[in-house]
Amino acid sequence: MKFNTKAIHAGQEPEETSGAVMPPIFQTSTYAQQAPGVNKGHEYARVTNPTRTALEKLIAGLEDADQCACFASGCAAMDAVIKMFRPGDHVIASDDLYGGTYRLFREVFEPYNIRFSFVDMTDTDTVQEAITPDTKLIWIETPTNPILRVVDIEAVTEIARDKDIWTVVDNTFASPYLQKPLNLGADAVLHSTTKYLGGHSDVIGGAVASSNEEIMEKLRFQVKTTGAVPGPMDCYLTLRGIKTLHVRVQRSVENARQVAKFLDAHPEVDQVNYPGLPSHPQHQIAKKQMSDFGAMVSFSLKDDSVETAQNFMAQTDIFLLAESLGGVESLISHPASMTHASIPKEVREAAGLKDSLIRLSVGIEDGDDLVKDLEQAF
Ligand code: P1T
């Protein structure tokens, strides 16, 4: 089955009792049992729910994974992944990544003595040098949030495999329509389903998909034991969103290409970060591992100050000032004071995140209108 067909049908069957084409929202906390342990496959809704199961099967299908576990948010999914490890274990992550990921690692898990190194993952030598005998996981986010760097998934997963280190790819920015990390060698793939998978800025969720049984067993244990699970209504909304994933992402990418070209030629713009521009430092890697270049664009201004960026953002009409991404509507944000404010300024700057950096999540509106909106904001 090709992707566009899978987005509609992977793991989906009409509902048994009624033939409903869409899975019902199974709004229940528990399930009747014929005798203790004798049941129809569900016992308690923290552990499983049929609406959630339908969503998990769909995401597993999209990522070419055997299994998927869904969580209440992308952060809850990340939390479950790191809880697979123990005090003394070491994780390598990239130095440009979602601010909430950095905060979770540094402020929640480091006090429990799980240790993290944040490195420039576009340089595989640096990754190799960061490995210690305690390294258990390499956390890849690509394209990165918000600088849109591209990590060579095949190269990094190869280094990890040689040393029995697991790799997880946060595939939120690309979506499985554009990038399939498991087919490039990763052990697991993670999503904030809040973004492209949900696609309509109306639901929070997370997911991890993998064909590694040990990983999935550990994650299912987390689901059952810590219970950061999405409710059935949220699963339904995400499932409904996924059915148009390919159509939405395709249109968003076309618009993003147009927006990136416009910004690249603008005299007030210092640098445009978009993997689709031939000038992007990892353009060739993006070409190799993504089927297209995504719909996230970020750019810095020649006048590199928070104030100039904020003045610019105050002028856009169509691009709404808001955190998040991946919805049908275009959003504009200022990472240094919004999504990445929890990263200390010196750490941010060392990773190349400038004060004037503006991030765009390009939606599915008309591309000309989006360009005009940015043009008048300068
Ligand atoms: O928001 P949540 O569903 O918990 O997902 C967290 C998350 C995980 N990974 C990446 C790459 C992300 O970008 C996010 C959330 N990001 C934003 C809210 C944002 O505006 O960047």
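The second largest pocket has a volume of about 390 Å³, where a pocket is an open set of points on a 1 Å grid over the protein atoms alone, with room for a 1.4 Å probe and protein on both sides within 12 Å along at least five of seven lines, and the volume is the space filled by probe spheres set on the points, joined across faces, edges and corners. Of the 25 residues that line this pocket, Tyr98, Ser192, Thr194, Lys195 and Ser324 are the closest to its centre; lining residues have an atom within 4 Å of a point. The model is predicted, so local features need pLDDT of at least 70 and side-chain atom pairs pLDDT 80 or more, while totals for chains, interfaces and linings use all residues. Residues are numbered from 1 along each chain as its sequence is written, and side-chain values use heavy atoms, without hydrogens and water.

The ligand sits in this second largest pocket, meaning that more than half of its atoms lie within 2 Å of the pocket's grid points. Around the ligand are 18 residues, of which Asp170, Ser192, Thr194, Ser324 and Arg359 come nearest (near: a heavy atom within 4 Å).

Polar contacts (N or O atom pairs within 3.5 Å) can be followed one by one. An oxygen atom of the ligand lies 2.6 Å from a side-chain N or O atom of threonine 194, and a ligand oxygen is 2.7 Å from a polar side-chain atom of arginine 359. At glycine 74, a polar backbone atom is 2.9 Å from an oxygen atom of the ligand. The protein buries 94% of the 480 Å² that the ligand exposes when taken alone, by the Shrake-Rupley method with a 1.4 Å probe.

How values were computed:
A polar contact is a pair of N or O atoms within 3.5 Å; within protein, one must be able to donate a hydrogen and the other to accept it, and residues adjacent in sequence count only if both atoms are side-chain atoms.
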